[in-house]
Amino acid sequence: MASHFSGVLQLTDLDDFIGPSQDCIKPIKVEKKPGKAAAKIRIEDDGSYFQISQDGASQKLEKAKITLNDCLACSGCVTSAETILIAQQSHEELYKILQQNKGEDPLQHKLVVVSVSPQSRASLATKFNLSIQETAQKLTAFFKQLGVHYVFDTTFSRNFSLLESQREFIQRYKRQKEEKAALPMLASACPGWICYAEKTHGSFIIPYISVVKSPQQVMGSLVKDYFAKEKKVKPHEIYHVTVMPCYDKKLEASRPDFFNEEYETRDVDCVITTGEVLRMLEQEEISLMDINPCPLDTQFSSVVDNEPSGHEGGGSGGYLEHIFKYAAQELFGLHVNEIKYKPLKNKDFQEVTLEKDGEVLLQFALAYGFRNIQNLVQKLKRGRCAYHYVEVMACPSGCLNGGGQIRAQGEATKDLLQKVEQLYMSVRTELPEQNGRVQELYTQWLGGEEGPGVQEVLHTEYHVVEKITSGLTMKW
């Protein structure tokens with residue numbers, strides 16, 4: 001079975017590869033006892049582990065199930081054994097919760113919230129030949145028919161990610177002379193890129209990466225914190241699902257950083273991909289076209305006249321454009337209306353430059369795909385990277401081409417992607433600074449733009465992952 005994770009995860013440390021027919025297990029640590037020889041371990045042909053004592057007796061050791069947390073704590077790649085890794089992150093888990101809610105015990109019932117990404121919505125709109133507005137309304141109706149209580153839009157939470165990224169860049173720019181790793185600032189919204197950076201380049205690359213949470217995780221905080229308090233429920237009494245264009249988002253949701261120790265719950269309980277939503281429709285034997293639309297939930301959605309809105313920039317969130325325009329105005333008093341991209345070796349590596357009187361004031365770039373990410377890292381290591389900011393995404397062509405999106409059937413992938421891009425860009429756009437509801441939440445929820453809640457709720461951190469040289473290397 002082919003892996004759907006991004007290339008930067010599939011191509012990392014291939015000596016740690018797990019074949020599709022193998023069970024993924026964690027080695028069992030055997031404690032040494034004083035005064036006795038260390039226990040011996042025998043591995044059978046079927047992969048079973050046996051502990052052999054001094055008297056020759058053998059004891060079979062239990063296999064340990066691999067979770068997404070274990071995957072993130074390993075320096076190996078994500079491989080074709082993804083069916084094991086994502087057992088707790090599938091649409092079947094959502095069905096279990098919805099079935100549980102139909103039971104008689106109200107103590108077992110949960111408030112179910114689904115947050116849909118604009119990239120997934122565009123992919124589904126293309127599949128069913130619908131407008132973005134029709135898709136949003138019909139998708140909301142579909143989930144509510146299943147028993148979901150609220151359907152939100154991660155375009156809303158992306159407002160926070162964009163605003164915080166803009167402010168972080170200005171701060172880094174102003175301290176670049178004192179801090180070598182202040183610039184270039186590297187985007188952090190792509191979990192495939194983050195996993196690769198932590199596992200492969202660790203302490204070298206982490207200081208360059210933006211500390212702002214992705215839209216998915218900002219929405220997770222909104223739902224499990226602000227929304228939970230508003231609805232007078234505990235965070236663990238909400239089951240929060242996101243619909244994403246990318247399998248790597250399952251890994252992001254599983255990070256320990258996004259786990260609430262007090263209530264033992266994740267900010268995002270389950271991530272399902274666009275393709276999984278299509279399978280849900282097929283399982284229910286219904287087409288999105290045949291569903292009667294319903295009004296959109298507006299509390300955490302960017303909606304005008306029951307129509308979703310979006311942001312300027314490309315299909316990966318528009319981070320480069322928003323930060324570039326904001327920085328030009330904030331640092332140099334220059335208003336930029338239109339961004340002009342300069343393609344380099346390929347369309348997935350492009351530059352944007354701000355000049356005044358022949359002097360380069362800002363130089364930004366976007367780097368999509370594994371090869372371009374490698375080139376970017378090598379430039380950094382050689383001290384030859386002149387960029388101030390880079391929008392980094394693991395997938396070629398960015399998030400609209402994520403591994404979880406609906407794939408072409410009977411038509412060229414390039415043509416399908418072009419249609420998805422056109423639909424994605426068809427919505428009206430807004431500036432995050434002008435979203436009144438976002439500004440309200442900064443005040444009510446976070447205590448202001450410099451409030452105590454901003455760092456805790458909207459920012460995160462990254463971790464160096466210890467490198468394992470081989471998947472067969474075991475530490476007893």
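The following exercises, each with a worked solution, concern a predicted model of a protein chain.

**Exercise 1. Describe the composition of the protein chain and the share of its residues that is buried.**

Solution. Begin with the secondary structure: the protein chain holds 16 helices and 16 strands. Next, consider burial, for which the cut-off is under 20% relative accessible area. By this criterion, 55% of the 476 residues are buried. Then turn to the surface: the protein chain exposes about 22,400 Å², of which carbon and sulfur atoms supply 48%. Finally, examine the contacts with a separation of 6 or more: residues 24 or more positions apart account for 73% of them.

**Exercise 2. Determine the strand order of the open sheet that contains strand 4, and identify the helices that pack on this sheet.**

Solution. The sheet has four strands in the order 5-4-7-10, and their pairing is parallel. Strand 5 (150-153) and strand 10 (270-273) form the edges, each pairing on one side only. On average, neighbouring strands of this sheet are turned by 25° against each other, direction ignored.

Now follow the individual pairs. Strand 4 (residues 111-116) is joined to strand 5 by four bridges, and Ser115 stands opposite Phe152 in strand 5. Helix 7 (residues 154-174) packs on the sheet and touches strand 4, strand 5 and strand 7 (238-244); the direction of helix 7 makes about 45° with that of strand 5. Helix 9 (residues 215-230) also packs on the sheet, touching strand 4, strand 5, strand 7 and strand 10. The direction of helix 9 makes about 160° with that of strand 7.

At the other edge, strand 7 and strand 10 are paired in the parallel sense over four bridges, with Thr242 opposite Val271 in strand 10.

**Exercise 3. Establish whether the faces of strand 10 are covered or open.**

Solution. First recall a general point: in a regular strand, side chains alternate between the two faces of the sheet. In strand 10, Cys270 and Ile272 lie on one side, and Val271 and Thr273 lie on the other. All of these residues are buried, and both faces of strand 10 are covered.

**Exercise 4. Work out where the buried residues of helix 13 lie around its axis.**

Solution. Start with the dimensions: helix 13 (residues 370-381) has twelve residues and reaches 17 Å from its first C-alpha to its last, close to the 16 Å expected. Its buried residues are Phe370, Asn372, Ile373, Leu376, Val377 and Leu380. Seen down the axis of helix 13, these buried residues fall within an arc of 165°, so they line one face of the helix. The general geometry is that an α-helix has 3.6 residues a turn, so residues three or four places apart point the same way. Just after helix 13, Gly383 takes a positive phi of about 70°.

**Exercise 5. Locate the residues other than glycine that have a positive phi, taking Asn129 and Asp305.**

Solution. Asn129 has a phi near 55° and lies in the loop between helix 5 (118-127) and helix 6 (132-146). With a relative accessible area of 70%, Asn129 is exposed. Asp305 has a positive phi of about 55° and lies in the loop between strand 11 (303-304) and strand 12 (307-308). At 64% relative accessibility, Asp305 also counts as exposed, the cut-off being over 50%.

Key
Residues are numbered from 1 along each chain as its sequence is written. This is a predicted model: local features need pLDDT of at least 70, side-chain atom pairs count only at pLDDT 80 or more; totals for chains, interfaces and linings use all residues. Side-chain values use heavy atoms; hydrogens and water are left out. Two strands pair if DSSP finds at least two bridges between them. Helices (H or I, at least four residues) and strands (E, at least two) are DSSP runs, numbered from the N terminus. Axes are lines fitted to C-alpha atoms, for helices over the stretch in contact, and angles run from 0 to 180 degrees between N-to-C directions. Contact means heavy atoms within 4.5 Å. Buried means under 20% relative accessible area, exposed over 50%, partly exposed in between (1.4 Å probe, protein chains only). Accessible areas come from the Shrake-Rupley method with a 1.4 Å probe; for residues, only the protein chains shown count as cover. The expected span of a helix is 1.5 Å times one less than its number of residues. The arc is that of the directions from the helix axis to the C-beta atoms.
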